[in-house]
Amino acid sequence: MAAHRKPRLRPTAGGRARTAATIALASAATATGFDGTGHADPQPAPGQVRAEVAELYRQAEAATEKYNGAKEKADAARQRLKALQDRAARSQERLDEARQALGATAAAQYRSGGLDPAMQLVLSDDPDRYLENAEFVERAGDRQGAAVRRVRIRLREIEQLRGAARVELTSLRARQAELQRHRRTVTGKLGSARQLLSRLTPQERSRMSGSSDRATRSAGARATLAAPGSATARAPGPRAAAAVSYAYAKLGSPYVWGATGPNAFDCSGLVQAAYRSAGVSLPRTTYAQIAAGRRVSRSELLPGDLVFFYAGISHVGIYVGNGRMIHAPNPSAPVRVAPLDEMPFAGATRVV
């Protein structure tokens, strides 16, 4: 008897749909994992963003101070180079005058029937050969020899000045390259901070920028605090009091890295401008400003003292009393009053 086989059932449309649904669910389970969470990076919490932005601002400010220091040195090198170039130009004028005088003497000698070998050498277009063979000067007469020696001195002076100028030019180019490196670091850090801040809501960004100090940023508050009698009265001297008054008058001014006023500041720029208004010249950078006066302890602080923060001395403010300072915080906040405990305290200096 022939074996009977059960006929194979073909899947229906509904079965195919159920199979597809099963595959889709399995794929979804694989994508999300067994705990149902996705692989996409979670949105960072506002507190985490604020901490990361604060660290980026700290790094940017440290780079800003290095930029300020490099700029100060580049400006000094540029001034020295210009002074050397000016001196070389004046020496060249004196050399030309001396050579003209010798030329007149040479012309007279030629008309009288000859030209002294020393004169030929000095009037040649090869000063190096002249300097190498300066013993010819001794063969000249007294008056002529003195004129030749003056040319010799000018030639050497010009060569020395040109050598010094080449050194300064090399230094200037190195400082300019350093400036560009620090500029890239600062702009990179600030750009990363802006990207992080863009993840926050306007309300969260407002809280981070210190909306609790909104009163100090208003024009009316600046007018009220422009002459802070209690702070200036306790300052150690009239110049410190004047610096404190200046700082109060600048409350609300924007932070701009590399700026020294009068309308925008970075942290050391505000300190420099405040004391400049009081007739005191301070260095440009935080790590130089901390050495510009007498060090004082935190318990000895008086209004006008400079207060520094972080291990690298990368931030500075002006103490105004009651455990508070005026400082230029970062691009997200303007010049404002803040507690010293806002950042890790590193030291203080009394300028005057």
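## Close-up views of a predicted model

**View 1. Helix α11 is mostly covered, with 9 of its 11 residues buried.** Keep in mind throughout that this is a predicted model. The buried stretch of α11 takes in Cys267, Ser268, Gly269, Leu270, Val271, Gln272, Ala273, Ala274 and Tyr275. Once you step just past α11, you meet Gly279, which has a positive phi of about 85 degrees.

**View 2. The whole chain, before zooming in further, has 12 helices and 6 strands.** Out of 352 residues, 39% count as buried. Take the contacts with a separation of 6 or more: 63% of them are between residues 24 or more positions apart. The chain's accessible surface is about 19900 Å², and carbon and sulfur atoms account for 53% of that.

**View 3. The largest nonpolar core has 56 residues, and Tyr248, Tyr275, Leu306 and Ile326 touch the most other members.** Helices α2 (46–111), α5 (142–197), α10 and α11 each put in at least two residues, and so do strands β2 and β3. The largest share is from α2, with 13 residues. Tyr275 also turns up among the buried residues of α11.

What does Leu306 touch, leaving aside residues up to four places away in sequence? Its contacts include Val271 and Tyr275, then Leu282 and Gln289. Val316, Gly317 and Ile318 touch Leu306 as well, and so do Gly347, Ala348, Thr349 and Val351. Val271 and Tyr275 are both buried residues of α11.

**View 4. A second core, separate from the big one, has 11 residues, among them Phe309, Tyr310, Met325 and Leu340.** Phe309 counts as buried, at 0% relative accessibility. Tyr310 has a charged neighbour: Arg58 lies over the face of its ring, 5.7 Å from the ring centre. Met325, for its part, stands in β4 opposite Tyr319.

**View 5. Two of the structure's 3 aromatic pairs are picked out here.** Tyr246 and Phe265 meet edge-to-face, 6.4 Å centre to centre and with 85 degrees between the planes. Tyr246 belongs to helix α10 (residues 238–249) and Phe265 to the loop between α10 and α11 (267–277), so this pair ties together parts that are 19 residues apart in sequence. Are these two residues buried or exposed? Both Tyr246 and Phe265 are buried.

The other pair is Phe309 with Phe345, whose ring centres are 6.0 Å apart; their planes are at 85 degrees, so this one is edge-to-face. Phe309 lies in strand β2 (residues 306–309) and Phe345 in strand β6 (residues 345–350), so the pair ties together parts that are 36 residues apart in sequence. Phe309 is buried, with a relative accessibility of 0%, whereas Phe345 is partly exposed at 27%. Phe345 has a charge over it too: the charged end of Arg298 sits over the ring, 5.1 Å from the centre.

**View 6. Strand β6 pairs antiparallel with β2 through 4 bridges.** Within that pairing, Val307 has Ala348 of β6 as its bridge partner. Strand β6 also runs antiparallel to β1 (residues 294–296), with 3 bridges joining them. Here Arg295 stands opposite Thr349 of β6. Ala348 and Thr349 are also among the residues that Leu306 touches.

**View 7. Strands β3 (residues 315–321) and β4 (residues 324–327) pair antiparallel over 3 bridges.** The two strands form a hairpin with 2 residues between them. Look for Asn322 in the turn, where phi is positive at about 55 degrees. Across the pairing, Tyr319 stands opposite Met325 in β4.

Which strand does β4 join through 4 bridges? That is β5 (residues 336–339), and β4 and β5 run antiparallel. Ile326 stands opposite Val337 of β5. Ile326 is also one of the residues that touch the most other members of the largest nonpolar core.

As background for looking at these strands, side chains in a regular strand alternate between the two faces of the sheet.

**View 8. Arg90 has its place in helix α2.** Arg90 counts as partly exposed, with 42% relative accessibility. Where does Ile158 sit relative to Arg90, in sequence and in space? The two are 68 residues apart in sequence, and C-alpha to C-alpha they are 9.3 Å apart in space.

Notes: Residues numbered from 1 in each chain as written. Predicted model: local features only at pLDDT ≥ 70, side-chain atom pairs only at ≥ 80, totals over all residues. Heavy atoms only, no water. Pairing = 2+ DSSP bridges. Buried < 20%, exposed > 50% of the residue type's maximum accessible area, 1.4 Å probe, protein only. Contact = heavy atoms within 4.5 Å. Areas by Shrake-Rupley, 256 points an atom, 1.4 Å probe, with all protein chains shown as cover. Phe/Tyr/Trp six-rings, centres within 6.5 Å; stacked < 30°, edge-to-face > 60°. Lys NZ or Arg CZ within 6 Å of the ring centre and 35° of its normal. Core = buried A, V, L, I, M, F, W, Y, C linked by side-chain atoms within 4.5 Å.
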